[in-house]
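Q: I have a new model open and would like to practise reading it feature by feature. Could you walk me through it?

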Amino acid sequence: MASWGLKSCSEEESSSISRSSIQEARQSRLISRQHGVSKHSGDRFIPNRSAMDFDMAFYLLTQTRKEKEKAAALASHPGQTYGKLLAERLLPNRNRILAFQARPPASSSTAEETREISRSADRILDAPDMTDDYYLNVLDWGSRNILSIALGSTVHLWNGTDGSTWELMKAEDDLGAAASVSWAPDGRYLALGLNGSDVQLWDTDSQRLLRTLRGVHRSRVGSLSWSNHILTTGGKDGKVVNNDVRIRSHVVHSYRGHRGEVCGLRWSGSGRRLASGGDDNLVHIWDLRRASTATAPRTSQGPWIHRFDKHASAVKALAWCPFQSNLLASGGGGNDRCIKLWNTENGTCLDSVDTGSQVCSLLWSKKEKELLSSHGFGQNQLTLWKYPSFRKIIDLTGHSSRVLCTAVSPDGCTVASVSGDETLRFWNVFGSPEMTKKSPPKPPPDLEPFSSFSRIR
């Protein structure tokens, strides 16, 4: 074969070399075509593939199959792990623009895990002459941060801002002691349901009795609930009555459906629906628009929207959910021990949890999806639950008798509980206020009214 160097040659030699080179090129192209690979440019009608990397193209086309074979080989030969890692570094994934990877794991930190909840009460006050009666509702916390509590025949008020206490009224023997207390929405006026069937309205600023509602019930009034200017009362006679406190003829609506004492009453946040619980183990949902002055028939076709009969004991504990308007929680007594969740739109029971002890009261958190229950005939504890899983977050113990009533502060953080052990305890359950105010100095013991009642143990 002639050399392709740069040295000069004669014309005849050049012609001879040129003819031999053309023949050799034709033979080489023929051989390449027979083997299926062409490394020369060819003529102008044949595509030029000299710039294509056939090895890389073949690798990319067969990569998936090879990866499966390689994975199987690695599974049977652990010693080839190093080779797999080396291939991943030297030949990165070049056939995909987007790489779909597994979703990162969700954060396990939750509000209740990061929030510290003290297991002991922040403050303990004496509550002498506390009546140990499951059916009464003798504790309420108003919007002006004043707590009311009925102890025996006397109703006391406690100021949550400065810690001062004073006596509002002392019931006369013929009227009977207060069986229920409830603050009006403005936090100034307080309603009292008495054992003698009367209902009183008090102005707490002037400590003056405004009016007495008579003839509403025939026996004690153990449950109260406000909806704007409507005060709803529930009695031992099984009646539920709406009273418009602005007018002389205050009875505007009446509901009949319970066969026993009405021991639980709660208006929904919208003021449209009322839940009532009774000693007959029933829960009724009433609609204000369907109320009537006529006595309702004692059948399943009464004027109520729903009648829930799944509890096996008296239902005193009722609480409307603040973040889901049609959700109601109810708790049963000692023979039931269950907390049930109800959809008040279609009347279905969403969940039921056996707490193991009598359920005395229920409170929803205003900040988190949590529910607080108080109990008796067991540990006499308060239990905080996570909604909707109903996972128990914490038990708060300290009372030596059943926790009859609970109330939450206006800021939604502190819960007050009163028990048959004659103590009133305050728990920091639902978190701390956004702004902590410095408490004013406490007055000397000899100048503090009712110091025996407000003494901290």
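**A buried loop residue**

A: Happily; keep in mind that this is a predicted model. Let us start with Q381, which touches S357, S373, S374, H375, D395, L396, T397 and V403, leaving aside residues up to four places away in sequence.

Q: Where does Q381 sit in the chain?

A: Q381 lies in the loop between β23 (370-376) and β24 (382-386).

Q: Is Q381 buried or exposed?

A: The cut-off for buried is under 20% relative accessible area. Q381 has a relative accessible area of 5%, so this loop residue counts as buried.

**Reading a sheet**

Q: Let us turn to sheets. What holds the strands together?

A: Strands of a sheet pair through backbone hydrogen bonds, in a parallel or an antiparallel way. In this model, one open sheet has four strands in the order β2-β3-β4-β5, with antiparallel pairing. At its edges stand β2 (139-141) and β5 (165-170); each has a single partner strand, so one side of each is left without a neighbour in the sheet. On average, neighbouring strands of this sheet are turned by 20 degrees against each other, direction ignored.

Q: How many bridges link β2 to β3?

A: Three bridges join β2 to β3 (residues 146-151) in the antiparallel sense. Among the residues involved, L139 has I149 in β3 as its bridge partner. The two strands form a hairpin with four residues between them, and N145 in the turn has a positive phi of about 65 degrees.

Q: And what joins β3 to β4?

A: Here six bridges connect β3 with β4 (residues 154-159), again antiparallel. L147 stands opposite W158 in β4. This hairpin has two residues between the strands, and G152 takes a positive phi near 65 degrees.

**Faces and core**

Q: Which residues of β3 point to which side?

A: In a regular strand the side chains alternate between the two faces of the sheet. For β3, I146, S148 and A150 are on one side and L147, I149 and L151 on the other, and all are buried, so both faces are covered. Put as a count, six of the six residues of β3 are buried.

Q: Which residues have the most contacts inside the largest nonpolar core?

A: They are L139 and L424, in a core of 34 residues. β3 gives the most to this core, with five residues. Not counting residues up to four places away in sequence, the contacts of L424 include L139, L147 and I149, as well as R123, I124 and L125.

**Another hairpin and the record**

Q: Where could I practise on a second hairpin?

A: Try β20 (residues 338-343) and β21 (residues 348-354), which run antiparallel and are joined by six bridges. I339 stands opposite V353 in β21. Four residues lie between these strands, and G347 in the turn has a positive phi of about 80 degrees.

Q: Where does UniProt place the feature "repeat: WD"?

A: The unreviewed UniProt entry places it at residues 171-212, 255-296 and 396-429. In the model, residues 396-429 are 0% helix and 56% strand, and the end C-alpha atoms of this span lie 9 Å apart.

Note on methods: Residues are numbered from 1 along each chain as its sequence is written. This is a predicted model: local features need pLDDT of at least 70, side-chain atom pairs count only at pLDDT 80 or more; totals for chains, interfaces and linings use all residues. Side-chain values use heavy atoms; hydrogens and water are left out. UniProt positions are given in the numbering used here, feature names are shortened, and annotations may be inferred rather than shown by experiment. Two strands pair if DSSP finds at least two bridges between them. Axes are lines fitted to C-alpha atoms, for helices over the stretch in contact, and angles run from 0 to 180 degrees between N-to-C directions. A nonpolar core is a set of buried Ala, Val, Leu, Ile, Met, Phe, Trp, Tyr and Cys residues joined through side-chain atoms within 4.5 Å. Buried means under 20% relative accessible area, exposed over 50%, partly exposed in between (1.4 Å probe, protein chains only). Contact means heavy atoms within 4.5 Å.
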